[in-house]
Amino acid sequence: MSTACEELVDPKQIKLDEIIDKHKHSNGPLIPILQGAQEVYGYLPAHVIKHISKATRIPVARIYGVVTFYAQFRLTPVGRNLINICLGTACHVRGGAKVVEAIEKELKITDGATTEDGRFTLEVVACIGACGLAPVISINNEVHGRLSPDKIAGILAKYE
């Protein structure tokens with residue numbers, strides 16, 4: 001039988017504390033702790049950053065400095081489907097900018113934004129690593145290549 005106090009325990013908080021305990025005594029613990037926390041929460045909410053600060057005795061300002069320096073960290077929630085669109089050299093030369101415009105028009109958002117319904121977040125990236133398929137996008141780590149603006153609506157429709 002569980003008690004009322006046990007029911008109030010947040011499983012994400014328990015996982016976060018496990019991540020902190022695993023890394024806090026190692027050399028350079030902050031980045032692995034932040035990566036783990038973001039994996040648990042999907043982003044790094046302010047209360048999580050404060051908790052990490054208290055547990056590791058790393059000042060909040062220093063943590064925010066790291067979080068805002070590295071593009072891998074997010075301070076806001078992402079949509080259910082994360083779209084990364086490449087604008088590296090190969091993708092740019094092969095029409096990546098037109099693909100970006102088509103996605104922005106279809107979803108009515110710009111780089112870094114999330115649709116009102118929380119379905120998609122759009123991020124422009126420097127390289128996905130699939131230059132032979134340029135222009136390319138990745139949705140939830142699933143790569144779609146050799147794109148043109150007219151293919152975008154059909155691809156996005158698959159991610160309800």
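**Group meeting: a walk through the sheet and its surroundings**

Okay, let's start with the sheet. Four strands make up an open sheet, in the order β2-β1-β3-β4, and the pairing is mixed. At the edges sit β2, residues 120-125, and β4, residues 142-144, and each of those pairs on one side only. Going from one strand to the next, the twist averages 20°. Before I go on, please keep in mind that this is a predicted model.

So what does "mixed" look like here? Quick reminder: strands of a sheet pair through backbone hydrogen bonds, and they can do that parallel or antiparallel. In our case β1 and β2 run parallel, joined by six bridges. If you want to find that pairing on screen, look for Asn81, which stands opposite Phe120 in β2. On to β3: β1 pairs with β3 in the antiparallel sense, over three bridges, and there Ile85 has Ile137 as its bridge partner. Then β3, residues 137-139, pairs with β4, again antiparallel and over three bridges. Ile139 is the one to click on there, with Glu142 as its bridge partner in β4.

Let me stay with β1 for a moment. How many of its six residues are buried? Six of the six, so this strand is mostly covered, given that buried means under 20% relative accessible area. In a regular strand, side chains alternate between the two faces of the sheet. Here Asn81, Ile83 and Ile85 point one way from β1, while Leu82, Asn84 and Cys86 point the other way, and all are buried. One element to look at next to this strand is helix α7, residues 96-107, which lies across β1, β2 and β3 and runs at about 155° to β1.

Now zoom out. The protein has eight helices and four strands. Read from the N terminus, the order is α-α-α-α-α-β-α-α-β-β-β-α. As for overall dimensions, the C-alpha trace spans about 55 × 40 × 25 Å along its principal axes. The radius of gyration is 19 Å, where a compact globule of 160 residues would be near 15 Å. Buried residues account for 38% of the 160. The exposed area is about 9600 Å², with 54% of it supplied by carbon and sulfur atoms. And if you take contacts between residues at least 6 apart in sequence, 57% of them join residues at least 24 apart.

Two residues to finish with. Take Leu34, in helix α3, residues 30-41. Buried or exposed? Leu34 has 0% relative accessibility, so it counts as buried. Setting aside neighbours within four places in sequence, Leu34 is in contact with Leu44, Ile52, Ile63, Val66, Val67 and Phe73. Its C-alpha is also 9.0 Å from that of Ile20, 14 residues apart along the chain.

The other one is Arg119, in the loop between α7 and β2. Arg119 counts as buried too, because its relative accessibility is 16% and the cut-off is under 20%. What does its side chain meet? A polar atom of that side chain lies 3.2 Å from the backbone oxygen of Leu156, and the backbone oxygen of Tyr159 is 3.1 Å from a polar atom of the Arg119 side chain. Not counting residues up to four places away in sequence, Arg119 touches Gly79, Arg80, Asn81, Leu156, Ala157, Tyr159 and Glu160. We met one of those before: Asn81, the residue opposite Phe120.

Conventions
Residues are numbered from 1 along each chain as its sequence is written. This is a predicted model: local features need pLDDT of at least 70, side-chain atom pairs count only at pLDDT 80 or more; totals for chains, interfaces and linings use all residues. Side-chain values use heavy atoms; hydrogens and water are left out. Two strands pair if DSSP finds at least two bridges between them. Helices (H or I, at least four residues) and strands (E, at least two) are DSSP runs, numbered from the N terminus. Axes are lines fitted to C-alpha atoms, for helices over the stretch in contact, and angles run from 0 to 180 degrees between N-to-C directions. Contact means heavy atoms within 4.5 Å. The radius of gyration is taken over C-alpha atoms; the globule rule is 2.2 Å times the number of residues to the power 0.38. Buried means under 20% relative accessible area, exposed over 50%, partly exposed in between (1.4 Å probe, protein chains only). Accessible areas come from the Shrake-Rupley method with a 1.4 Å probe; for residues, only the protein chains shown count as cover. A polar contact is a pair of N or O atoms within 3.5 Å; within protein, one must be able to donate a hydrogen and the other to accept it, and residues adjacent in sequence count only if both atoms are side-chain atoms.
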